[in-house]
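Grab a pencil and get the viewer ready. Below are some short exercises, each with a worked solution.

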Amino acid sequence: MSSTLITNIGTLVTNDPSHPGLLGLLEKAAVVLDGSVVTWTGSAADAPAADEVVDAQGRALLPGFVDSHAHLVFAGDRTAEFNARMSGQAYSAGGIRTTVAATRAASDAELDANLARFVREALHQGTTTIECKSGYGLTVADEARALRIAATHTPETTYLGAHVVAPEFAADPAAYVDLVTGEMLDACAPHARWVDVFCENGAFDGDQARAVLTAGMERGLIPRVHANQLSHGPGVQLAVELGAASADHCTHLTDADVAALAGSATVATLLPGAEFSTRAAYPDARRLLDAGATVALSTDCNPGSSFTSSMAFCIAVAVREMGMTPDEAVHAATAGGARALRRTDVGRIAPGARADLLLLDAPSPVHLAYRPGVPLTAGVWQAGVRVR
Ligand SMILES: [Zn+2]
């Protein structure tokens, strides 16, 4: 093991409540890493010696982004669908089936290479923890294969056999739910940490979603829910009732939904890339934050409705369009994502935390929203290893 001192940090975002503000900011700061973990934070003037020294030259240092919602095991491309939608057609959940056909036809090696490319793309933008769902196979073998491949890239794997009803079961959705809660679950559970369901008109209703989530929970998976994206519905209430780690999208919420989230440990994960890419109204982050809910920001990276891996983009949109302050958006993209994945080792910079760090080519984290679209990544460490 060798230690690294990163010093002359202009602004250090710790997300440590013992330091000032929502982001636990330290000015003129330093961080020491030893092996894969952070061992010291404080004033640069007080920093201990280390084997190696990195001069941050006044730049900001943040925890690596925690992207708690992505769909990266797929093949093919939906450029034409996006182009058509931006030319006036409405988005519906059925477009997922296009990717299902391409994914089933792809080899394991193709899926693995595609996933590796997107994980690397995200990592080089500062995303050091990323969740990855199945959901483009929709057969026992294809869902299990997606999760087996995903598990070689991230521990945060999510069984989403209930993404849409498989095309073969269009006439008998109940039989598909039986498959998802039975044989498919048996094949997928060994490769997954989480169970998820797309609870929406055109996908799965409240009773079906409950059956999927409770079956997964009985197999030791932890629930998270695609909830209230395209319309009001039972997803958020179900997520809270079952103690889900996160209700994701939360675009169409009643006052009762907001109150339920605020009164629970279920994180509201907002995915502005989806509204951006479907030209839909954004979720109201301000309403959730003012009510006391915990908010996370994630990319929803997928080829249909949100083909971005950029957490910085999501931060900028959340600040511009969703009523979040720059500090709230940065917190949601780091500590919020960690909460949504029930992780305490990431999303913060403090002694004992994993050394996942993003060095910005800017003096302040505010620049993530202040300089939209500008690449600001000056360095990335993942578990203490400098990867960029
Ligand atoms: Zn999603």
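Keep in mind that this is a predicted model; here come two exercises, one on a helix pair and one on a strand.

**Exercise 1.** Work out how helix 5 (residues 173–181) and helix 7 (residues 206–218) pack: at what angle, and which residues meet?

*Solution.*
- Step 1: Start with the general idea: two packed helices are described by the angle between their axes and the distance between the axes.
- Step 2: For helix 5 and helix 7, the angle is about 15° and the axes lie 9 Å apart.
- Step 3: Angles under 35 degrees count as roughly parallel, so helix 5 is roughly parallel to helix 7.
- Step 4: Now the handedness: helix 5 passes helix 7 in a right-handed crossing.
- Step 5: Look at who touches whom. Helix 5 brings Pro173, Val177, Val180 and Thr181, and these meet Gln208, Ala211, Val212 and Ala215 of helix 7.
- Step 6: Sort that contact by class, and you get six nonpolar residues, two polar ones and no charged ones.

**Exercise 2.** Find strand 10 (residues 194–199): are its residues buried or exposed, and which strands does it pair with?

*Solution.*
- Step 1: Split the strand by direction. Trp194, Asp196 and Phe198 point one way, Val195, Val197 and Cys199 the other way, and all are buried.
- Step 2: With six of the six residues buried, strand 10 is therefore largely enclosed by the rest of the structure.
- Step 3: Check one partner: strand 9 (residues 157–162) runs parallel to strand 10, joined by three bridges. Here Thr158 sits opposite Trp194.
- Step 4: Check strand 11 (residues 222–227), which pairs with strand 10 in the parallel sense over four bridges. Phe198 has His226 as its bridge partner there.

How values were computed: Residues are numbered from 1 along each chain as its sequence is written. This is a predicted model: local features need pLDDT of at least 70, side-chain atom pairs count only at pLDDT 80 or more; totals for chains, interfaces and linings use all residues. Side-chain values use heavy atoms; hydrogens and water are left out. Axes are lines fitted to C-alpha atoms, for helices over the stretch in contact, and angles run from 0 to 180 degrees between N-to-C directions. Helices (H or I, at least four residues) and strands (E, at least two) are DSSP runs, numbered from the N terminus. Angles under 35 degrees count as roughly parallel, over 145 as roughly antiparallel, 65 to 115 as roughly perpendicular and the rest as oblique. A crossing is left-handed if the near helix is turned anticlockwise from the far one by less than a right angle, and right-handed if clockwise. Contact means heavy atoms within 4.5 Å. Ala, Val, Leu, Ile, Met, Phe, Trp, Tyr, Cys and Pro count as nonpolar, Asp, Glu, Lys and Arg as charged, and the others, Gly among them, as polar. Buried means under 20% relative accessible area, exposed over 50%, partly exposed in between (1.4 Å probe, protein chains only). Two strands pair if DSSP finds at least two bridges between them.
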